[in-house]
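Me: Please take a close look at the surroundings of the ligand in this model, and then set that site in the context of the chain as a whole.

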Amino acid sequence: MRSIPSCTISRKEDRAINHNSCKNNVIVELKDIEKKYDREVLRVDRLKLNKGLIYGIIGPSGAGKSTLLHIVNLLTAPSKGAYYFQGQPVPGNPQEQINIRRKMSLVFQKTILFKESVWNNVAYGLRARGYKRSEIKERVDHLLTQVGLNELASRRADTLSGGEAQRVAIARAVAFDPELLLLDEPTANLDPINIELIENMIKSLNRDKSITVVIVTHNVFQARRIADQVIFIDKGEIVEMGPTEKIFNNPDHEKTCLYVEGKVIS
Ligand SMILES: Nc1ncnc2c1ncn2[C@@H]1O[C@H](COP(=O)(O)OP(=O)(O)O)[C@@H](O)[C@H]1O
Ligand SMILES: [Mg+2]
């Protein structure tokens, strides 16, 4: 059984955080990023995401989790700050961002699939990127087998259950081998069986295809189950980031401790 955190904060000298600073291992780096609407909703002094890991972003509703994910996905432009993708500065011009955007995929809580077969949905990104027919077939068949969706291949996507549809959405998102898979509350409102299937799918895609994953979840247990590193955001700021077991068992900040224990934070 897992231990329950005691909300005792470790002394500074005990805080062994392993920050891998090897530059070519970093996929995403944000520096002094801010996002303002009518007020400031996100401020990230520094964030580095390493290749090949699963990151879980947790925090209360309205904390800025989706905003951060959308900035990483180039869907939302930050009001200020610098973004480096695989060590290269991301240009401000959306036209020039296309090559970077093509290296990542974002899956929302509720994904809209095309009213076509599951197979065609998964093939969509490959067709759009001009893959050859034979390669599309090979990739889609292989992926559907890998994620256990074979039996659904010829089903029309609009006849699927919510959980099945979300599994297809993730398969579609990874068919072209993106470097980075971004998931915004992908299992919210799903039943436990589909949650488990999707978590296993994410873990195996990360393991077998070395895809770096960033998953936003309001479910701290989910972050604990699948993330290597956890980022805790509150009121638009990263309160704490670190290895999952540390965040849950020995966090540096009391707020983190309270949040992972399911207590109200002010
Ligand atoms: N397009 C927008 N215009 C104005 N405020 C926004 C917009 N998008 C998000 N916000 C605000 O930014 C804050 C963070 O939102 P969000 O990133 O969606 O939080 P989370 O995903 O953690 O629930 C919230 O207060 C939200 O109302
Ligand atoms: Mg959100």
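Reply: What follows describes the ligand shell, then one buried strand residue, then the chain as a whole.

This is a predicted model, in which local features need pLDDT of at least 70, side-chain atom pairs count only at pLDDT 80 or more, and totals for chains, interfaces and linings use all residues. Residues are numbered from 1 along each chain as its sequence is written, chains are lettered from A and ligands numbered from 1 in the order in which they are written, and side-chain values use heavy atoms, with hydrogens and water left out.

Ligand 1 is surrounded by Y37, R39, V41, P60, S61, G62, A63, G64, K65, S66 and T67, where a residue is near a molecule if one of its heavy atoms lies within 4 Å of it. By class, this shell has 4 nonpolar, 5 polar and 2 charged residues; here Ala, Val, Leu, Ile, Met, Phe, Trp, Tyr, Cys and Pro count as nonpolar, Asp, Glu, Lys and Arg as charged, and the others, Gly among them, as polar. The largest share of the shell, 3 residues, comes from helix α1 (residues 65-72), helices being DSSP runs of H or I with at least four residues and strands runs of E with at least two, numbered from the N terminus.

Oxygen atoms of ligand 1 take part in several polar pairs: a polar side-chain atom of R39 lies 2.6 Å from one, a side-chain N or O atom of S66 lies 2.9 Å from one, and a backbone N or O atom of G64 lies 3.0 Å from one. On its own, ligand 1 has 570 Å² of accessible area, of which the protein covers 61%, as computed by the Shrake-Rupley method with a 1.4 Å probe.

P60, a member of the ligand shell, is also touched by F232, whose other contacts include I58, G59 and Y259, contact meaning heavy atoms within 4.5 Å. F232 lies in strand β9 (residues 229-234) and is buried, because its relative accessible area is 0%, with buried meaning under 20%. Although F232 and G59 are 173 residues apart in sequence, their C-alpha atoms are 5.5 Å apart in space.

Across the protein chain, which comes to 9 helices and 10 strands, 69% of the contacts between residues at least 6 apart in sequence join residues at least 24 apart. Buried residues make up 49% of its 266 residues, and its C-alpha trace spans about 60 × 45 × 35 Å along the principal axes.

Terms used. Buried means under 20% relative accessible area, exposed over 50%, partly exposed in between (1.4 Å probe, protein chains only). A polar contact is a pair of N or O atoms within 3.5 Å; within protein, one must be able to donate a hydrogen and the other to accept it, and residues adjacent in sequence count only if both atoms are side-chain atoms. Lists of a residue's contacts leave out its neighbours within four places in sequence.
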